[in-house]
Structure formats: structure tokens, C-alpha cells
Amino acid sequence: MSALDDLLHARTGPMTSDLVQRPGDFGLGLVPARLAPAGTAASICGFCSTGCSLKIHLNAGGEAINLSPDPDYPVNLGMACPKGWEALAPLAATDRLTTPLLRNPTSGKLEPVSWEIALAAFTENFRRIHRTHGGRALSFLSTGQIVMEEMALLGALAKFGMGMVDVDSNTRQCMATSHVAYKQSFGFDAPPFTYADFEESDALIFIGANPCIAHPIMWQRVMMNRRSPEIVVIDPRRTETALAATLHVPLRPKSDLTLLYGLARLLLDRGAIKQSYLDAHTENFPAFRAFLADFPIERIVADTGLPAATLHRIAEIIATRERVSFWWTMGVNQSHEATRTAQAIINLALMTGNIGRPGTGANSITGQCNAMGSRLFGNATSLLGGYDFANDAHRTHVANILGITPAAIPSEKSWAYDQIIDGIDTGAIKGLWVIATNTAHSWINQKRFPEIRQKLDFLVVQDMYATTETAQMADLVLPAAGWGEKEGILINSERRLGVVRKVSRAPGQALSDFAIFKLVAEAWGCGAMFREWTSPEAAFRILQKLSREQPCDFSGIQGYDHIQQQGGIQWPYPAPHVAASASEWSSSDTHRRLFADGKFFTPDERAIFLFDEPRPMPELPDADWPFLLNTGRGTSAQWHTGSRTNKSDVLRKLAPTSLYVEINPSDADRLGIAHNDRVAVRSRRGEAEAFAVVTPTVQPGQLFMPMHFAAVNLLTFPSFDPHSRQPSYKACAVAVSRLSGRHHG
Ligand SMILES: Nc1nc2c(c(=O)[nH]1)N[C@H]1C(S)=C(S)[C@@H](COP(=O)(O)OP(=O)(O)OC[C@H]3O[C@@H](n4cnc5c(=O)[nH]c(N)nc54)[C@H](O)[C@@H]3O)O[C@H]1N2
Ligand SMILES: Nc1nc2c(c(=O)[nH]1)N[C@H]1C(S)=C(S)[C@@H](COP(=O)(O)OP(=O)(O)OC[C@H]3O[C@@H](n4cnc5c(=O)[nH]c(N)nc54)[C@H](O)[C@@H]3O)O[C@H]1N2
Ligand code: SF4
Ligand SMILES: [Mo]
């Protein structure tokens, strides 16, 4: 395979060959990513969705030496959190994958093989499954942590080239709820805000969000607010963010829906609604108003465990402050009734006219660096560009832009993550390709996963490291370049497109995900479909065409350099970019929000009030399992399953190195548990050993464990929101007891 030889030679050969773009040099038509020229290169951070810009300082050969936050970028204004400062460290880790690994059937071990053998094993096994069981027996689980062009190429390759139908990504664990909630309420998955809203609000209401830990630089923006804002934090836990709030609302876990309906009712009773806005720009409010009759304050007090005075106080803040913004994250999205809870937040913003103005909005903060990109271009739930697989006209339109036959695009809806896992269990799915996610740690109810994995005929894992829990289970591991070793676009929480630059060479034979997908396409025999996808930037131009005339239209962007010159560009950015089409903004604006004109993306341009009766959480504590376990982010230095952040000496020093459980002092006393004692936390599904952190930040009857340790998901209960199918990671019944011995270290 000479194209492959060329590719591998180009990436390991002299540096200068990387600096020259030579289209057509490779049989694949693949243009190697250029290393940035010496000096500095600005690149968007590849961890969280804040999207901070980092200035990477380069040696004469164009390779990264170190970095500092970019003072001129409108997002982070010269700031970065520990992960950003340490972003280069995971690239230099000693356990980086440098060759493909294939499991030897005799020894049962993963052994280094050439790319030729790896690609042959991939296609032979997946083709055999396809021949015997059809395309629906193949699936992938991907990510919100690779660049948008890679996501789109993977989605198009798998679905249009290889005949897959049921594919999903870790965005399901994270943003599926926001996606569905916005789509149903606004007509398109469109978070309306800009980070300037953090500074321009008179009141900020955070619901199930802990930005001090999870989005530290967004929190810095809140701290820059000069309007003496009220900061209300609705979280059962007294988090770092709650401690910094003007009002912490420690509601009973998963009583948010009742609370939000109760607040809507209080606002209605006070006459604090904006009827003119409701009449002009929304539908279904009269039905919502009637529905609220069943939410008197007594019910809210009883269900949330909050005093009536607290409820009145929140209602008063919303009613009296001129600019109120609502922000939510995983405390809302990960719930058995998540979509309706997110929509209850949207309803509050709509009924009080807190949308489309500075400092307002019903604002979902995304999680991963490119969660927003995966929502638009993952090609899982929605067809590329936010289109609908079930719609004939949409399929034809997308096929025409891509130059493929509409028949290549499946019309069936994709299964969600949990349905794919169940599909493996029932034998419907036989081949699985996992890209840039660590399923065997992060998926809910882990106990089942190793058994289910046994039912797969072939598991491919594509990662930077072979040491992850999932890679260890693979039949084939493909070595991927990471952030900083390739280029492309990430979209942050405020819809801002930012550029990631190549500032370092991937080790050994590791290739960018983009190059790997191109190789697979070639080996599968559908390479012709992707002839125009010669580089990430060429792919970007195709995605621009797909975005045209969609709400996310960014066809007016001239290329990566343009994005960088502008300090990132928020969508929409249509071509020609006429300010008149969205009254408020012009191409030079660095901050833009949606819905200033009160026009939404539904057919009649009205936002829709959606609501449902609250339901009890699926697994309630009882006499045997008396505690409710909450899980989430532990520190700003830890990222998810740790495959990247654990590789930094600095970050490791900033975070606990073993699993802990937070428990209230009254419970600890009763159970004879002292600080640092070893304890066992058990659920109906599994057991985890941890050391006790005795702290009043968790309420009696509740426990908190950080998700960064694999044992936590042995405990979690698999329940899912019916609309978004997002897992409810933050509520399951457990018991805790003291083990002998204390924690050392
Ligand atoms: N340092 C760091 N930063 C990260 C990440 C990371 O791994 N590490 N991950 C990124 C990703 S992908 C994501 S999605 C975000 C997540 O960001 P966040 O959602 O802010 O973080 P979590 O800790 O998962 O959950 C937020 C809060 O929800 C609360 N909560 C639990 N149950 C309920 C409930 O019933 N009601 C309410 N109102 N609140 C509840 C929890 O106590 C917790 O404090 O962080 C991003 N940023
Ligand atoms: N109990 C509990 N579980 C949870 C949550 C919770 O709150 N509680 N939160 C959920 C949420 S919101 C999320 S987003 C998930 C996250 O869960 P995961 O996605 O499983 O976590 P990560 O550790 O981020 O895994 C990303 C993997 O991609 C690899 N990688 C990084 N960059 C690249 C690249 O460029 N190419 C390739 N091929 N690989 C790369 C990394 O090495 C790593 O192994 O966890 C979910 N799980
Ligand atoms: S806040 Fe998020 S984007 Fe900014 S430096 Fe930290 S991890 Fe990176
Ligand atoms: Mo997430």
C-alpha cells in the first residue's frame, strides 16, 4: 500500500516536508497537516467546552516547547485552568500508542502489528460480519473530543460508506438532553447565549452545574460581572460554586422539575410574566398556565424539602431583576426526566421574557471541547448539519452536496448508546468501533459491560493510549494522534468555532483520526466517496456547504485563518454576512446571542412550551440501600476517566489519587466512620472501595463520588430519560459500611 507508506513516511520524515502542502502527493489524496511555523501558534484547548485559546510557543522546527493562555482571545482573556496549562503533557506520556496492536489468538495478548495488517484485520472482520448479518450488525461509539471534520468523516464513512445505521457517541452521556430539549422547544439545537452574558446578568441561576470545578474559566467570567448580580446555585450539594453563590438552594435530588414548575407558578401568581412576549413569540402557554394549577407552594415544599421562604426568594429574584440568565449542566441533563427539566428552565426564561437580551437566556453549558460539533456533525441522531434522517428531502439535499446517491443515506433513526449496548447483548450488533471514548469506564452500570463485550465478534478501539479500560478489552487497537498533533475545528458552548493547530508530531506510527478514517475508507473500498475530503480544511469547506441555510449556517467563513483572525467565530455566520439579517450583529462583533428578534426555528417561528407531570426517580433509597449516590466532577485537574490528565505530574499532584466518598458527619457518626476510613459502597449491582471524606457539603442520606475512578460506574443504576435516552448517572440507591484499615497516601 504505497499511499500508506507515503503517509507514514511524511509524518516521520524531515520536518520541512510537513511545512509544505502538496495536494495529490498521496494516493489517498490526503494533504499532511502542516506544523505551524516557528514562533507561536494559537490553538483552542482540547479539554472542556469553554474553548480557551492557548498560545503554543514553538521551537525553530515548529514544535511545541510550552504554552501560555492567549490574552487577546475573547473567551479566556489570558486565563487558563490547570488542564489547559498542562495540555502538552499527555502528548509526551510514556504509554502513548506508537503502532497498531492486534490480539494474538494463541497468546491472547495484544501485539504490535503494521498498519497494513491492522487495516486488513479491521476490514476482514467487519466485512465478514457485514456479509453474514448486514450493516446493522456494525456500530461505532465516538466522542465529543475530536475535531468536527473528523467526526463528520467518521459519521459519513460509517453510515454512507460502510452501511452502518446504529451509531452513537459519548455526547449521549452528556448533551443529548440539551439537544432534544432545544430542538423540541426552539425548533433547532441552538444554545442562545454568549459568554458576555455571564458579565451582563443581574441574576444568574445555575441548576445542576458546578462551574468552579467543571468550567473554571466560565466561572472567572462570572466573577468579572460588575452588576452585583444575585448568584443562585440549585444543587443538592454545597459545591465550590454553591459556596460562592449569594443563595444556595439545596433541593432534594431530582426534585428539579417540581421546583421549576413551582417557581413558574409563583411567578404567574405574582403577575411577573411578560404577556406581550408570550403572545408574540410562543405557543402553548395557556396549556402550561393551566397545568401549573397543580403546583401550589405546599407541594413544592413537600417535594423539594426547601422552605417556602427560599422559593419566594428565588421567585422574587427572577421577578425583580432586569436581566436573568439560567444555566444548566449535568445535574439537569443526567436525570430520568431530564428533557422536561431542561424545558422547564426554557419555559421560565420564555415566560419572563429573559431571552434574546444581554445577560439573559436558557443556557445549556456543554461539556467536552467539541460536544457542540458532535451535535451538529456526528451524523448519529441528526443527519450531517442538523438534518433529519427520516426526511426524504433532507437526505436528497445532503446526498447532492456530498455527491453521493441518496440511497446511501439510511432513513432509519439510529439506536441510542444504551440500545447499542443492549443490541450487543442480544446479538444484534457483532462488530464495534470505539473512538476517543472510554466506554468500559464511563458507561453506566459497568458490571454488565465485560460480559457484554464477550458477545462481540470484533472490538476495535482507536485511542492515544492502549492502557485505557476499553483498549485493554479490544481485539484491535488503532494508534491515534491527539490534540495538538493535528488540526481542525472545535465548537465551544457559545457556538464559537475555534481552530486547533498541529504543533507536535504524533509518536511512532500514530495517525490523526482523519487519516485513519481515510485509510479505513480506502481499505473498505469506498474511498472514492471521500476524494474531496483531502484535508481537515477541505472537509471544513464541505461542512460549510452542509450548514448553508440551516440555523447553524457558517458558510460565510473564509477558512481557518479567518476564524483565527476574528478570535473565533460564532454561528450563525452566513454568506454574504449581512448584519441586517440578524439585526444586532456585524462581522466584527466578538459576541453574539440568538433570538434577539424573538424568532425561533420552529415552522411558525414560535418557541413551544413543553411539560409533563414529574415522576419519582427509578431507584429510591430504602431500608437496605439507605443512601442516594450522586456522582460528578471531583477537581479541575481531573478529566473524566483520566487517560489524559493522569499523565501530567502537575495535575496528579492537584487531585486525589484514590477513590473517595463524601459523607455527611451525622451519617458518618451513626455508622462509626471517621475521616479517611476505608469504606465499602455497595449497590444492587456492584461494590466500590473508597476512603471516607466526612463533610457537611453533602446532605444527610446522600453520598458523592467523583466519576474519575472506574469503580464508580459499577454502582450506578441504568435509567434513561425517555426523550434523550441520556443516562441518569447522579441518582442510585447504595449502602455504605466501614472496612478495617485506614487510607494512607
Ligand atoms: N475538571 C473537569 N472539568 C470538566 C470535566 C471533567 O471531567 N473534569 N468534564 C466536562 C464535561 S464532559 C461535562 S459534561 C461538564 C460537567 O459539568 P457539571 O455538570 O457542572 O459537573 P458535574 O459534577 O457532573 O455535575 C454538576 C452538579 O450537578 C449536581 N447534581 C446532582 N444531582 C442533582 C439534582 O438532582 N439536581 C440538581 N440541581 N443538581 C444535581 C451535582 O451535585 C454536581 O455538583 O464538565 C466539563 N468539565
Ligand atoms: N458516574 C458518572 N459517569 C459519567 C459521568 C458522570 O457524571 N458520572 N459523566 C458522563 C459524561 S458527561 C461524559 S462526557 C463521559 C466521558 O467519558 P469518556 O468519553 O469515556 O471519557 P474520557 O476519559 O474523556 O475518554 C476519552 C478517550 O479518548 C482518548 N482521546 C483523546 N483525544 C483523542 C483523539 O484525538 N483521538 C482519539 N482516537 N482518542 C483520543 C483519550 O485517551 C480517552 O481514552 O462520562 C460520562 N460518565
Ligand atoms: S477551562 Fe476548559 S478550555 Fe479553558 S483551559 Fe481549562 S479545560 Fe481548557
Ligand atoms: Mo460530558
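**Ligand shells and a domain interface in a predicted model**

Helix H3 (82-85) and helix H9 (216-223) each contribute at least two residues to the shell around ligand 3. The model is a predicted one. The residues surrounding ligand 3 are Cys45, Phe47, Cys48, Thr50, Gly51, Cys52, Ala80, Cys81, Lys83, Gly84, Pro216 and Ile217. Sorted by class, this shell around ligand 3 holds 8 nonpolar, 3 polar and 1 charged residues.

Ligand 1 was examined next. It is surrounded by 33 residues. Ala214, Asp235, Lys254, Asp256 and Gln638 come nearest to ligand 1. Several polar atoms approach its oxygen atoms. A backbone N or O atom of Asn210 is 2.8 Å from an oxygen atom of ligand 1. For Met330, a polar backbone atom is 2.8 Å from an oxygen atom of ligand 1. Arg237 uses its side chain instead: a polar atom there lies 2.9 Å from an oxygen atom of ligand 1. Lys254, one of the residues that come nearest to ligand 1, has an unusual backbone setting. Its phi is positive, about 60°, although Lys254 is not a glycine. Lys254 sits in the loop between strand E10 (247-249) and helix H11 (256-270).

Ligand 2 has 35 residues around it. The closest are Asn170, Ser442, Asp463, Asp513 and Thr641. In the side chain of Asp463, an N or O atom lies 2.6 Å from an oxygen atom of ligand 2. The side chain of Ser643 places an N or O atom 2.8 Å from an oxygen atom of ligand 2. For the side chain of His640, the corresponding distance to an oxygen atom of ligand 2 is 2.9 Å.

The chain divides into three parts: domain 1 (101-171 + 384-570), domain 2 (176-364) and domain 3 (627-742). How far apart are the C-alpha centres of domain 2 and domain 3? The separation is 27 Å. Contact between these two domains involves 24 residues of domain 2 and 25 residues of domain 3. The size of an interface is often given as the accessible area lost when the parts come together. Here domain 2 and domain 3 bury about 1,900 Å² between them. Carbon and sulfur atoms account for 52% of that area. Ile213, Arg237 and Gln334 supply 32% of the area that domain 2 buries against domain 3, more than any other three residues.

Polar pairing at this interface was then counted. Between domain 2 and domain 3, 11 residue pairs are in polar contact. Four helices each supply at least two residues of the side of domain 2 that touches domain 3: helix H6 (176-186), helix H8 (211-214), helix H16 (330-333) and helix H17 (338-351). H6 gives the largest share of that side, 4 residues. The side of domain 2 that touches domain 3 comprises 11 nonpolar, 8 polar and 5 charged residues.

Side chains of opposite charge can pair when their charged atoms come close. Across the interface of domain 2 and domain 3, 1 salt bridge is found. Arg237 and Glu662 meet in a salt bridge through their side chains, at 3.8 Å from N to O. Arg237 thus appears in two settings: it has a polar side-chain atom 2.9 Å from an oxygen atom of ligand 1, and it forms a salt bridge with Glu662.

The structure as a whole holds 39 salt bridges. One of them joins the side chains of Asp475 and Arg453, at 2.9 Å from N to O. Asp475 lies in the loop between strand E15 (458-463) and strand E16 (476-479), and Arg453 lies in helix H22 (residues 448-454), so the pair ties together parts 22 residues apart in sequence.

A longer separation along the chain is bridged at Asp95. This residue is placed in the loop between H3 and strand E4 (101-103). Asp95 and Thr467 are 372 residues apart along the chain, yet their C-alpha atoms are separated by 7.1 Å. Leaving aside residues up to four places away in sequence, Asp95 touches Met464, Tyr465, Ala466, Thr467 and Lys647. The side chains of Asp95 and Lys647 are joined by a polar contact of 3.0 Å.

One peptide bond also deserves mention. The bond from Trp571 to Pro572 is cis, with omega near 5°. Pro572 is found in the loop between strand E19 (569-570) and strand E20 (607-608).

Conventions:
Residues numbered from 1 in each chain as written. Chains lettered and ligands numbered in written order. Predicted model: local features only at pLDDT ≥ 70, side-chain atom pairs only at ≥ 80, totals over all residues. Heavy atoms only, no water. Domains from an automatic or database assignment. Contact = heavy atoms within 4.5 Å. Buried area = accessible area lost by both parts, 1.4 Å probe. Salt bridge = Lys/Arg side-chain N within 4 Å of Asp/Glu carboxyl O. Polar contact = N/O pair within 3.5 Å; in protein donor to acceptor, adjacent residues only side chain to side chain. Nonpolar A, V, L, I, M, F, W, Y, C, P; charged D, E, K, R; others polar. Near = heavy atom within 4 Å.
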